[in-house]
Amino acid sequence: MADRIVSWHANPSKPKFTPPPGAVDAHCHVFGPMAQFPFSAKAKYLPEDAGPDMLFALRDHLGFEKNVIVQASCHGTDNSATLHAIAAAQGKARGVAVVDPAISEDDLAALHLGGIRGIRFNFLKRLVDDAPKDRFLEVASRLPKGWHVVIYFEADILEELRPFMDAIPVPIVVDHMGRPDVTQGPDGPDMKAFRRFLDSRDDIWFKPTCPDRLDAIKEGGKGDPWDNFAAAVAPLVADYPTRCIWGTDWPHPNMQDEIPDDGHLVDMIPRIAPTAELQQALLVDNPNRLYWAD
Ligand SMILES: O=C(O)/C=C(\CC(=O)C(=O)O)C(=O)O
């Protein structure tokens with residue numbers, strides 16, 4: 001078996017910033033444990049186990065209260081590991097699933113009972129083999145009441161995806177802002193195109209997350225403390241304060257060459273959301289509206 005990767009920090013620092021009561025880490029994953037929850041045969045990476053006990057220990061260490069667990073691509077459309085982690089959180093976690101678009105109404109209902117409140121469409125070619133838009137639109141038209149769609153794409157295909165995304169009949173949450181080039185600054189072409197998308201509908205949300213990915217040294221960025229990211233993203237949070245949610249992205253899939261310190265990621269929050277009101281919206285009010293409405 002290929003070497004399994006470790007993409008998370010063994011001993012993350014304690015953040016200086018203290019999240020407000022009820023704060024939600026609204027973008028994180030679990031990997032396995034593989035013995036109980038094998039990875040997909042189509043997985044593009046093979047991680048070491050990073051299960052619920054580790055996730056909840058990090059939650060408590062960072063000062064968060066709840067998690068939204070997003071199905072990682074290494075588990076394909078088998079959401080068992082995600083559902084198991086949600087159940088283990090005893091009400092302190094909800095989730096986002098990846099499904100076969102042919103999924104039945106009964107199976108969608110079962111996912112809802114298991115704490116799922118959305119499905120994820122991943123367009124990153126390095127993570128998934130195919131992304132059938134027509135089939136995605138069909139399943140998006142018959143989701144349980146109150147669900148949304150999470151979409152992960154890179155900035156260079158935003159315009160190409162617009163007709164597809166404009167046709168999605170439920171709220172959309174964009175992972176990591178669609179990966180803009182943060183070295184362009186807050187008014188660069190990537191952020192301008194993303195703002196045009198946000199302005200096209202009032203039910204498009206985003207995650208101002210992953211400075212470690214978007215401002216990585218290997219991507220031409222500055223690396224920790226991710227100054228380009230802070231400068232480019234703070235104006236976006238300020239302009240759309242009720243439509244953003246935040247997450248660590250632990251266990252940081254594929255970041256084994258530039259593993260972020262989760263305490264440093266949390267200390268980015270006051271740099272992109274500098275007031276208590278913005279922090280309350282980003283970390284508590286907004287994620288609870290999306291994931292704990294019922
Ligand atoms: O974890 C993220 O949000 C980003 C990922 C991994 C991912 O999305 C997945 O494996 O499902 C990435 O850019 O490799």
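This note sets out points on the ligand site, the pockets and cavities, and the backbone of a predicted model.

1. Placement of the ligand. The ligand sits in the largest cavity. That cavity has a volume of about 110 Å³. It is lined by 15 residues, and those closest to its centre are His 29, Arg 120, Leu 127, Tyr 152 and Pro 253. By class, this lining divides into five nonpolar, six polar and four charged residues.

2. The shell around the ligand. There are 16 residues around the ligand, of which His 29, Tyr 45, Ser 73, Arg 126 and Tyr 152 come nearest. The shell comprises five nonpolar, six polar and five charged residues. His 29 and Tyr 152 are thus named among the residues nearest to the ligand, and both are also named among those closest to the centre of the largest cavity.

3. Polar side chains at the ligand. In the side chain of Arg 120, an N or O atom is 2.8 Å from an oxygen atom of the ligand. For Asn 254, a side-chain N or O atom is found 2.9 Å from a ligand oxygen atom. Arg 213 places a polar side-chain atom 3.4 Å from an oxygen atom of the ligand. The protein covers 100% of the 350 Å² of accessible area that the ligand has on its own. Arg 120, besides its approach to a ligand oxygen, is one of the residues closest to the centre of the largest cavity.

4. The largest pocket. Which residues lie closest to the centre of the largest pocket? This pocket holds about 490 Å³ of space. Of its 21 lining residues, Gly 76, Thr 77, Val 98, Val 128 and Asp 130 are the closest to the centre. Strand E4 (116–122) and helix H4 (133–140) each contribute at least two residues to the lining. The largest share, three residues, is supplied by E4. The lining as a whole consists of nine nonpolar, six polar and six charged residues.

5. The second largest pocket. The space in this pocket is about 180 Å³. Its lining is formed by Glu 154, Arg 179, Pro 180, Asp 181, Val 182, Thr 183, Arg 213, Leu 214 and Glu 219. These divide into three nonpolar, one polar and five charged residues. Arg 213 deserves a remark here: it belongs to the lining of this pocket, and a polar atom of the Arg 213 side chain lies 3.4 Å from a ligand oxygen.

6. The second largest cavity. A search of the whole structure yields two cavities of 30 Å³ or more. The second largest of them contains about 30 Å³ of space. Phe 153, Ala 155, Leu 158, Met 177, Gly 178, Pro 180, Asp 190 and Phe 194 line it. Six of these residues are nonpolar, one is polar and one is charged. Pro 180 lines this cavity and also the second largest pocket.

7. Phi of Met 177. Met 177, which is part of the lining of the second largest cavity, has a phi near 60°, a positive value in a residue other than glycine. Met 177 is located in the loop between strand E6 (172–174) and helix H6 (189–200). For context, most residues other than glycine have a negative phi.

8. Cis peptide bonds. Most peptide bonds are trans. Gly 32 and Pro 33, however, are joined by a cis peptide bond, with omega of about 5°. Pro 33 is placed in the loop between strand E1 (24–28) and helix H1 (52–62). A cis peptide bond also joins Trp 250 and Pro 251, and its omega is about 5°. Pro 251 is found in the loop between helix H8 (227–239) and helix H9 (262–266).

Notes: Residues are numbered from 1 along each chain as its sequence is written. This is a predicted model: local features need pLDDT of at least 70, side-chain atom pairs count only at pLDDT 80 or more; totals for chains, interfaces and linings use all residues. Side-chain values use heavy atoms; hydrogens and water are left out. A residue is near a molecule or strand if one of its heavy atoms lies within 4 Å of it. A polar contact is a pair of N or O atoms within 3.5 Å; within protein, one must be able to donate a hydrogen and the other to accept it, and residues adjacent in sequence count only if both atoms are side-chain atoms. Accessible areas come from the Shrake-Rupley method with a 1.4 Å probe; for residues, only the protein chains shown count as cover. On a 1 Å grid over the protein atoms alone, a cavity is a set of points where a 1.4 Å probe fits but cannot get out, and a pocket is an open set with protein on both sides within 12 Å along at least five of seven lines; lining residues have an atom within 4 Å of a point. A molecule sits in a cavity or pocket if more than half of its atoms lie within 2 Å of its grid points. Ala, Val, Leu, Ile, Met, Phe, Trp, Tyr, Cys and Pro count as nonpolar, Asp, Glu, Lys and Arg as charged, and the others, Gly among them, as polar. Grid points are joined across faces, edges and corners, and a volume is the space filled by probe spheres set on the points. Helices (H or I, at least four residues) and strands (E, at least two) are DSSP runs, numbered from the N terminus.
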